[in-house]
Each structure stands twice: as structure tokens, then as C-alpha cells.
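This briefing addresses selected strands, a tyrosine environment and the internal spaces of one structure. Please read it alongside the sequence and the coordinates.

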Amino acid sequence: TGHQNAEPIDAALVMLRVWVDAPVSGDAALASGRRWVAPAPCSGDLQETRGRRRVAVRKAMVVSAGKNPNRFAAIDNGTNSTRLLIAERKEGKWEDVERINTITRFGKGVAETKMLSAGGISATLETLQLYRMKLDEHGVPTSNVRATATAAAREATNREDFFPRATDILGVDVETIPGKEEADLSFTGAVSAIEQSHTHHPAPYVVIDLGGGSTEFAYGVGQGASSTAAVSIPVGCVRVTEMFIKSDPPTEEELKAAEAYVEGQLKPVLQSIPIGEASTFIGVAGTVVILAALELALPEYDRLRVQGHHMSYETLRALYKSLSSQDREGRRIRPGMEDKRVDVIVGGACAFCTLMRVLGIQSIIVSDADILDGSVMSQAARRDA
């Protein structure tokens with residue numbers, strides 16, 4: 001049966017992984033960065049990878065529990081990271097089952113070459129193999145999964161080197177979503193979390209999602225409604241770093257050039273987003289949450305402490321100046337820093353501080369909930385329709 005396709009069944013799928021060296025679980029592989037291979041959904045084919053005898057056999061088998069129709073998942077293939085959220089809907093409310101964030105640099109070099117790199121594609125596909133296993137482990141029906149790709153995929157001319165393989169692994173189509181839809185999904189996820197918190201933050205809201213390759217702005221009143229204005233601009237932590245920051249630590253000239261670039265990209269925001277009407281500004285995505293973790297000096301990331309954290313422009317500006325004065329090692333050892341963001345955190349901080357200065361934003365509320373949460377909600381709405 002090694003070369004037969006297993007018929008889909010509404011039961012949990014079992015992953016059997018045989019290694020020449022010691023077996024490693026998916027979690028351990030993720031933590032250690034160790035490479036492993038899982039086959040595409042419903043495939044029983046033996047897989048050999050790069051000359052090493054790694055064999056992964058995936059069989060559909062009836063085990064104790066079937067799929068849970070109340071569990072939904074979202075996968076976001078961003079420029080810098082590939083992320084997974086599995087959540088369960090209980091009595092109209094959402095509870096996290098698992099969140100995973102993996103730095104894959106999917107869009108490394110895209111701003112310059114307009115091509116997804118072989119390394120970025122490979123790292124992202126391996127991460128999706130892990131995520132497919134997580135979906136099976138937690139009993140998420142395939143019809144409840146939404147997978148998206150954002151700025152890097154929108155720009156790359158060789159996206160077909162990635163999408164068919166990603167779809168084969170996940171068993172669902174990976175959608176390249178436009179910037180305005182990305183902004184709206186981030187708005188839905190962030191505002192929903194803020195409105196459910198115990199602290200009152202008045203509407204209207206502006207959600208700012210600074211990613212690896214782009215930044216999205218969305219305005220609206222919340223209360224379950226979509227944003228009423230949204231825009232995306234080509235500003236992100238990876239893009240700014242690759243375009244301008246060549247020295248370690250960066251030079252004053254490099255930082256000034258980066259700030260000038262960001263400022264020059266903000267005209268569509270000023271034209272489309274009623275900044276002056278907003279009462280609450282919400283910052284989401286990796287750069288912002290790591291800046292919050294750095295201010296809090298967290299020895300390890302704590303989502304509950306970051307969620308809803310208030311940061312003033314003065315605080316963010318001081319962090320930016322401090323980070324940009326340090327070399328890579330100095331930044332790496334700071335409490336709250338994520339190792340794989342060390343090289344892009346200055347570019348991200350530069351971008352966020354510049355947009356706050358130009359737009360006159362005095363403070364933000366940090367949200368760990370973002371496009372993933374919005375995508376989960378959108379997939380539930382699709383299924384319920």
C-alpha cells in the first residue's frame with residue numbers, strides 16, 4: 001500500500017516518522033531547527049530527502065477521536081514568518097488551541113529580485129509540513145482551514161514554484177490576498193480581542209499591521225463590523241532592512257535614508273485613512289509585539305502580558321534609538337528579543353516610529369491578535385454561510 005492514496009476519512013490521521021538517527025517530535029524539531037519531512041495529505045508515499053534515509057509514512061487510520069467541527073485554523077505565509085493559529089469556537093467565543101510562529105524568511109530578497117528564494121520556499125514548505133501534522137493532531141477539519149499569503153507572494157514572479165507544493169502539503173488552496181483584505185482581516189482580529197478585554201479602548205480604531213514586506217492600515221468602529229477604510233504600503237521590517245541597513249550597528253546616514261523612504265510611502269495613508277477621527281490606535285505583528293516584549297524585558301515571550309500593552313511614541317522612539325546604537329550581539333542578549341528578529345528589529349522599529357511621527361500618533365495599544373484571528377473568524381463565517 002506504500003504507493004496507494006488513502007481515501008479521506010473523518011478521523012484523526014496518524015503520522016509515522018522513521019529516522020536513521022534518534023526520533024524527534026514535531027515540537028522538538030521546531031525548537032531545535034532540525035529538518036524533517038512529512039508527506040502531503042492523504043499520501044502514503046515513502047519520502048527520501050537530500051540523500052539521507054529519512055522516511056515519512058502517513059496513513060489514514062481510525063483512532064480514538066474524529067474531527068472537531070468547532071475547531072478552525074489559519075495559516076499566514078508572511079514575508080518574514082509563517083504562522084499557525086488553531087482555535088475552537090465555544091458558545092460564540094474563541095479559545096486558542098495552539099499558536100506557532102516560525103521565522104522562515106519566505107520573502108527574503110523579494111523587494112530587490114521580485115523572486116522567492118529557494119531557501120525561503122524550502123523553509124516555508126517544511127514549516128507547512130509541521131503545521132499539517134498539527135492540524136491532524138488537533139482534529140481540525142480541512143474545510144475549516146484557511147491559508148493565506150501576503151506581500152512577498154503578491155510581488156514575486158515565481159510564486160508558482162511555491163503554491164502548488166504548499167497546496168499539496170496542506171490539502172487546501174493557499175490564497176494570495178490583496179493588501180486591503182489583509183488590512184481588514186488584521187482589523188477584525190485585533191479589534192475583536194481588544195473589545196473582549198477588560199480595559200475600555202474607545203472606537204473608532206485604526207489597526208496598523210507592520211509586517212516583513214508591507215504595512216496595512218485599517219479604520220473602523222468595530223463591534224463585529226469590517227473596516228470602512230483600508231490601505232497597504234510597501235513598508236516592512238525585512239524590506240527596510242534589506243534596502244537601507246547595511247552596517248552593524250547601522251550608520252546615521254542609513255537610518256535617515258530609511259526614515260525618508262518610510263515617510264515617502266505614507267501619502268496613501270494620509271489620503272485614505274481618517275487618522276484624526278480615530279480614538280484608539282492598535283499595533284500588531286512581530287515588530288510591535290517584540291518591541292513590547294523588549295520594553296517589558298520579558299525573559300520569555302508572554303502573550304498575556306503583551307496583549308493590550310500600552311506604548312507611547314516616546315517609549316518606542318527611545319527603544320528605536322537604543323536598538324540602533326547596538327550591534328547584533330548587543331541586541332540579541334536583550335531580554336524580550338527573539339533571536340531570529342535580531343537583524344530586522346531596527347528596520348521595523350525605524351518604520352513604526354517614523355509612521356507614528358508623520359501621522360501624529362501619540363500612543364498605541366499592542367495586540368498579539370491579528371490577521372490569524374481574523375482569518376479564523378472569516379473561515380467560520382464562510383462555513384456558516
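**Strand β3 and its partners**

β3 pairs with strand β6 (residues 145-149) in the parallel sense, over five bridges. The model is a predicted one. The points below turn from β3 to strand β13, then to Y219, and finally to a pocket and a cavity.

*Strand β3*

- Within the pairing with β6, I75 stands opposite A147.
- β3 is also joined to β4 by seven bridges, and these two strands run antiparallel.
- The connection between β3 and β4 is a hairpin of three residues.
- D76 has R83 as its bridge partner in β4.
- Strand β3 (residues 71-77) is largely enclosed by the rest of the structure, because seven of its seven residues are buried.
- The burial applies to both faces of β3: R71, A73, I75 and N77 lie on one side, with F72, A74 and D76 on the other.

*Strand β13*

- Strand β13 (residues 363-367) has four of its five residues buried and is therefore largely enclosed by the rest of the structure.
- Strand β11 (residues 280-284) runs parallel to β13 and is joined to it by three bridges.
- In that parallel pairing, I282 has I365 of β13 as its bridge partner.
- Strand β12 (residues 310-312) pairs with β13 in the antiparallel sense, also over three bridges.
- For M311, the bridge partner in β13 is I364.

*The surroundings of Y219*

- Y219 is located in strand β9 (residues 215-220).
- With a relative accessible area of 9%, Y219 falls under the 20% cut-off and is therefore buried.
- Leaving aside residues up to four places away in sequence, Y219 touches F187, P204, Y205, V206, S227, T228, A229, I273, P274, E277 and A278.
- One of these contacts is with F187, which is 32 residues from Y219 in sequence, while the C-alpha atoms of the two are 7.7 Å apart in space.
- The side chains of Y219 and E277 are joined by a polar contact of 3.2 Å.

*The second largest pocket*

- The volume of the second largest pocket is about 480 Å³.
- Its lining comprises 20 residues, of which A193, Q196, R303, Q307 and A369 are the closest to the pocket centre.
- Two or more lining residues come from each of β4 (81-90), β5 (93-103), α6 (179-195), α11 (303-306) and α15 (371-384).
- Classified by residue type, the lining of this pocket has eight nonpolar, eight polar and four charged residues.

*Cavities*

- Two cavities of 30 Å³ or more are present in the structure.
- The largest cavity has a volume of about 60 Å³.
- T79, G107, V110, A111, A151, A152, E155, G212, G213, V238, R239 and E242 form the lining of the largest cavity.
- At least two residues of this lining are supplied by each of α2 (110-113), α4 (151-155) and α7 (237-244).
- The lining of the largest cavity divides into five nonpolar, four polar and three charged residues.

Definitions and conventions: Residues are numbered from 1 along each chain as its sequence is written. This is a predicted model: local features need pLDDT of at least 70, side-chain atom pairs count only at pLDDT 80 or more; totals for chains, interfaces and linings use all residues. Side-chain values use heavy atoms; hydrogens and water are left out. On a 1 Å grid over the protein atoms alone, a cavity is a set of points where a 1.4 Å probe fits but cannot get out, and a pocket is an open set with protein on both sides within 12 Å along at least five of seven lines; lining residues have an atom within 4 Å of a point. Grid points are joined across faces, edges and corners, and a volume is the space filled by probe spheres set on the points. Ala, Val, Leu, Ile, Met, Phe, Trp, Tyr, Cys and Pro count as nonpolar, Asp, Glu, Lys and Arg as charged, and the others, Gly among them, as polar. Buried means under 20% relative accessible area, exposed over 50%, partly exposed in between (1.4 Å probe, protein chains only). Contact means heavy atoms within 4.5 Å. A polar contact is a pair of N or O atoms within 3.5 Å; within protein, one must be able to donate a hydrogen and the other to accept it, and residues adjacent in sequence count only if both atoms are side-chain atoms. Two strands pair if DSSP finds at least two bridges between them.
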